[in-house]
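User: Got a minute to go through this one with me? I'd like to talk about strands, metals and pockets.
Analyst: Sure, put it up and fire away.

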Amino acid sequence: MALHVKPQDTIFNHQILLGGLILTVLDLGFLFLTSFGDPGIIPRNSKPPESPDDDNDVCKSASFDWLSGKPGSLRLPRIKEVKLATGETVQVKFCETCLLYRTPRASHCSICNNCVQKFDHHCPWVGQCIGERNYPFFICFISSTTTLCIYVFACSWVNILRQDCGFWASVSRDAISVILILYCFIVVWFVGGLTVFHFYLISTNQTTYESFRYRYDRKTNPFNKGILNNFRQVFFPRIPPSLVNFRAWAPEEDEGLSVNGSKHNSDVETGVPKLLQKIDFDGFESNSPSISKNHNFKDKPQFDRA
Ligand SMILES: [Zn+2]
Ligand SMILES: [Zn+2]
C-alpha cells in the first residue's frame, strides 16, 4: 500500500500510513510487555510447609487425601480451604512440584513448570504464560492485532476501489492489496474470535483455564463483581510486584530432594553454587532475597486482587 502513495493523494497521503504505523508500534509494544514480563510466577519452596495449619488462612482441611502414606513422610492434605477478603471460601491445591499451596486461581503450567497467579493459559504464540501480571497487556495485544487487521483490510479495499481503471484491472494491477485483503480476512477470524472470547471472559471474570474446566457452571463465581467492575479490573489494573527476583542466584538442582524434604541440600537454602561459596557474600542475603526464602502464604498474598 505504501508503494502506491503519491504526493497528490489526499486520503492516502501519510495519515493512513501514520495510523497503521501507530497501530503496529502499539501491537509490538503490547507483545513485548506480554512476552517478556513475569506473568505472576509463584516462587517455589525448597521444602514443603511444616504443617497445613501453619497458615491462619486455613479454615479446615477440605480433603483427607494425604500426599504420601509412607511412615514418617509428609502428611499434608492435597486441598485446603482459604477465606477471601470478601468472606467467601475457596479451595486451593498443594503443588507437589513447587511444594506450596497455590493461591486462589493459580495453577501450575506444565510447559513453564511454574505455578502462576491467576493462571489464564500458556500462549505458544507469545511463548509465555498468561497470568495475573501480563493479562492486561495480552488483552491489549490481541485487541490491537484485531484492530490492525481490520484497518489494513479496510485500507486495502479503499486502495483498490479508489483507482479509476475498473475493478478487475485494479485487482490485477495491485497484487499487494489483494494479498493483504486475503491475509487479513483469514487472520481476523482467529485473532478476532480470540478477542471476542476474552471480552466474554472478562465480562464474567473467568480465566480461560476456569472456563474450559466449567468451574463456575454449577456454582457462583466468587470473583465476579459485575461487568463494569470486571472490565475496570483488567483495563485499569493494579499489577502486583513480581515475587521472583530474577537477578538472584539460581539454586542448584537437588536430585535427592523429596516431597517430605528428608534430604536437603544446603545449596538450595543459600542458592549459591558450590564454587562461589568461598567468596565473601556479606550483604547478599539482605540485598537479594533468595527464591527459596519465599514462602507461599507467609508473604500474605492479596487473594482478592482478582
Ligand atoms: Zn507448581
Ligand atoms: Zn507457561
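User: Which residue takes a positive phi in the hairpin of β3 and β4?
Analyst: That's G87, with phi near 95 degrees. There are 5 residues between the strands in that hairpin. Keep in mind that this is a predicted model.

User: OK. How many bridges join β3 to β4, and do they run parallel or antiparallel?
Analyst: Antiparallel, with 5 bridges. β3 covers residues 79-83 and β4 covers residues 89-95. If you want a cross-strand pair to look at, K83 stands opposite T89 in β4.

User: And what does β4 do with β5?
Analyst: They pair in the antiparallel sense over 2 bridges, β5 being residues 100-101. Across that pairing, F94 stands opposite Y101 in β5.

User: Which residue has the positive phi in that hairpin?
Analyst: L99, near 55 degrees. The hairpin of β4 and β5 has 4 residues between the strands.

User: Switching to metals. What holds the zinc ion (ligand 1)?
Analyst: Three cysteine sulfurs and a histidine nitrogen: C95 (SG), C98 (SG), C115 (SG) and H108 (ND1), at 2.0 to 2.3 Å. The site is tetrahedral, with angles of 105 to 115 degrees among the 4 donor atoms. For reference, the ideal angle for four tetrahedral donors is 109.5 degrees.

User: How are those donor residues spaced in sequence?
Analyst: The spacing is C-x2-C-x9-H-x6-C. C98 lies in the loop between β4 and β5 while C115 is in strand β7, so that pair ties together parts that are 17 residues apart in sequence.

User: Are C98 and C115 buried or exposed?
Analyst: C98 is buried, and C115 is buried too.

User: Where does β7 sit in its sheet?
Analyst: The open sheet has 3 strands in the order β1-β7-β6, with antiparallel pairing. β1 (41-42) and β6 (107-109) are the edge strands, each pairing on one side only. β1 and β7 (residues 114-116) pair over 2 bridges, and I42 stands opposite C115 in β7. That's the C115 that coordinates the zinc ion (ligand 1).

User: Now the zinc ion (ligand 2): which residues coordinate it?
Analyst: C109 (SG), C112 (SG), H122 (ND1) and C129 (SG), at 2.0 to 2.2 Å. This site is tetrahedral as well, with angles of 98 to 124 degrees among its 4 donor atoms. Along the chain, the donors follow the spacing C-x2-C-x9-H-x6-C.

User: Which distant parts of the chain does that site link?
Analyst: Take C109 in strand β6 and H122 in strand β8 (residues 121-123): that pair is 13 residues apart.

User: Why do C109 and H122 both count as buried?
Analyst: The cut-off is under 20% relative accessible area. C109 has 2%, so it counts as buried. H122 has 19%, so it counts as buried too.

User: Last topic. How much space lies in the second largest pocket?
Analyst: About 530 Å³. It has 22 lining residues, and the closest to its centre are V90, Q91, V92, R215 and K219.

User: Which element supplies the largest share of that lining?
Analyst: β4, with 5 residues. α5 (208-212) also supplies at least two residues of the lining.

User: And what's the lining like by class?
Analyst: For the second largest pocket, it's 9 nonpolar, 5 polar and 8 charged residues.

Key
Residues numbered from 1 in each chain as written. Chains lettered and ligands numbered in written order. Predicted model: local features only at pLDDT ≥ 70, side-chain atom pairs only at ≥ 80, totals over all residues. Heavy atoms only, no water. Pairing = 2+ DSSP bridges. Donors = N, O, S within 2.8 Å, 3.2 Å for Na, K, Ca; no water. Tetrahedral: all angles 85-135°; square planar, octahedral: opposite > 155°, others 65-115°. Buried < 20%, exposed > 50% of the residue type's maximum accessible area, 1.4 Å probe, protein only. 1 Å grid on protein atoms, 1.4 Å probe; cavity = no way out; pocket = protein on both sides within 12 Å on 5 of 7 lines; lining within 4 Å. Points joined across faces, edges and corners; volume = space filled by probe spheres on them. Nonpolar A, V, L, I, M, F, W, Y, C, P; charged D, E, K, R; others polar.
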